[in-house]
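User: I am new to this model and should like to understand the reasoning behind the terms used for it. Please set each value against its definition.
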Amino acid sequence: MQTYFLTSDFPNGFPEAFITALKQTIVRQEHFVFAASSFDKAEVNEKYARKIMDMFAAAGFHFQTLTILDDRLPLAQIDQVLEQAGVIWLAGGDTLAQHASFERIGLREKLKKTTAVLIGMSAGAINMGDQIVLARHELDNVPELTQYHGLGLVPMNLEPHFNLASAQHREEIRQASRIAPILALCDDAFVQVTGGKIQIVGEYQIFDETRNKNS
C-alpha cells in the first residue's frame, strides 16, 4: 500500500514520531526526488533540497541520489525519475506557482505510476489534495479564495502553519471552510494516509462551516 505524508514545517528537524513513521514506511533509499515549488529558481531549490536531505540524514536515512524536479529536468526524464524514486518530497513555498508547474508537466497522471512514499510540506501538502479550497492569504501570494483541481492523492484540504496564523487568516480559513472542510495543521504535526486510513499526529484544528454556507 502506498503511503502519503502531509506536513506543515519542522523548524527543529524531524520529531521522533515522524522519524518512527518514516522508518516504518520507507523501504527504498536509492533515489530521492525533490519536487520544487518555484521551478524557475534553481539556487533556491538546491538550498532547500539539501536542507531536507540533511534532515533525513540526521534521522538515519541516507539516499544514494537526489534529483530536483524543476525546470532543469528534461520532460523526457521525469517519468523514469518518478518511477525509480523511493521517496518523493513535494516542497513548500508558493502554493499556486507550484500547482501551475505541476499542471504544466502533468504530474497528477505521472504520480499514478510511482510506488514511492510521497511527502508534502506546506504548499506541497496542500497540492496533494483533490478538490482544493485555498483560503485567501495575501502574504502567501493568494489574493483571494481559490479553488482548483490538485494532485488527487488525498481526500482532504490542508492549511499549514496554523500555530502561526493571524486572527484575520483564521477567519479566512473559516470562510473557506464553507465550501469544504479544512484541516489546519500546526508545525511539527503531520498526517499519514495509508490504504485510505488517516492518522493525524500533533496539534491541529478542523474547520467545517459547510452547514452554514448559506447563512
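User: Where does Ser 122 lie, and why is it called buried?

Analyst: In this predicted model, Ser 122 belongs to the loop between β5 (117–121) and α6. Buried means under 20% relative accessible area. Ser 122 has 11% relative accessibility, so it counts as buried.

User: What makes the backbone of Ser 122 notable?

Analyst: Its phi is positive, about 55 degrees, although Ser 122 is not a glycine. Asp 188 also has a positive phi, near 75 degrees, and is likewise a residue other than glycine. Asp 188 is located in the loop between β9 and β10 (190–194).

User: Why is Asp 188 called partly exposed?

Analyst: The term covers values between the buried limit of 20% and the exposed limit of 50%. Asp 188 has 35% relative accessibility and therefore counts as partly exposed.

User: How do you know whether Ala 180 is buried or exposed?

Analyst: The relative accessible area of Ala 180 is 15%, so this residue is buried, the limit being under 20%. Ala 180 sits in the loop between α7 and β9 (182–185). Not counting residues up to four places away in sequence, Ala 180 touches Val 133, Asn 157 and Thr 210. Its C-alpha atom is separated by 35 Å from that of Ala 42, and these two residues are 138 residues apart along the chain.

User: Why is the pair Asp 79 and Lys 110 called a salt bridge?

Analyst: Side chains of opposite charge can pair when their charged atoms come close. The definition asks for a side-chain nitrogen of Lys or Arg within 4 Å of a carboxyl oxygen of Asp or Glu. For Asp 79 and Lys 110 the N to O distance is 3.0 Å, so the criterion is met. The pair links distant parts of the chain, with Asp 79 in helix α3 (residues 75–84) and Lys 110 in helix α5 (residues 107–110), 31 residues apart.

User: Which of these two partners, Asp 79 or Lys 110, counts as buried?

Analyst: Lys 110 does, because its relative accessibility is 16%, whereas Asp 79, at 24%, counts as partly exposed. The boundary between the two terms is 20%.

User: How do you know that Asp 130 and Arg 108 form a salt bridge?

Analyst: Their closest N and O atoms are 3.2 Å apart, and the cut-off is 4 Å, so the pair qualifies. This pair also links distant parts of the chain: Asp 130 is in the loop between α6 (123–126) and β6 (131–134), Arg 108 is in helix α5, and they are 22 residues apart. Asp 130 counts as partly exposed because its relative accessibility is 27%. Arg 108, at 23%, is partly exposed as well.

User: What makes Glu 171 and Arg 174 a salt bridge, and where do they lie?

Analyst: The closest N and O atoms of Glu 171 and Arg 174 are 2.7 Å apart, so the pair satisfies the 4 Å limit. Both residues lie in helix α7 (residues 167–176), three residues apart, about one turn of the helix. Glu 171 has a relative accessible area of 31% and is therefore partly exposed. Arg 174 has 24% relative accessibility and also counts as partly exposed. Elsewhere, salt bridges that share partners join Glu 46, Asp 70 and Arg 72 into one network. The structure holds 10 salt bridges.

User: Why is Glu 159 said to have no salt bridge?

Analyst: The nearest side chain of opposite charge, Arg 170, is 9.8 Å away from Glu 159. A salt bridge requires a distance within 4 Å, so none is assigned to Glu 159. Glu 159 is nevertheless buried, and it is found in strand β8 (residues 158–159). Leaving aside neighbours within four places in sequence, its contacts include Ala 135, His 169, Ile 173 and Leu 185.

User: How do you know that the radius of gyration agrees with a compact globule?

Analyst: For 215 residues, a compact globule would have a radius of gyration near 17 Å; the chain has 17 Å, so the two agree. The C-alpha atoms fill a box of roughly 55 × 35 × 30 Å along the principal axes. Of the 215 residues, 50% count as buried. The chain contains seven helices and 12 strands.

Key
Residues are numbered from 1 along each chain as its sequence is written. This is a predicted model: local features need pLDDT of at least 70, side-chain atom pairs count only at pLDDT 80 or more; totals for chains, interfaces and linings use all residues. Side-chain values use heavy atoms; hydrogens and water are left out. Helices (H or I, at least four residues) and strands (E, at least two) are DSSP runs, numbered from the N terminus. The radius of gyration is taken over C-alpha atoms; the globule rule is 2.2 Å times the number of residues to the power 0.38. Buried means under 20% relative accessible area, exposed over 50%, partly exposed in between (1.4 Å probe, protein chains only). Lys and Arg count as positive and Asp and Glu as negative; His and the chain ends are not counted. Contact means heavy atoms within 4.5 Å.
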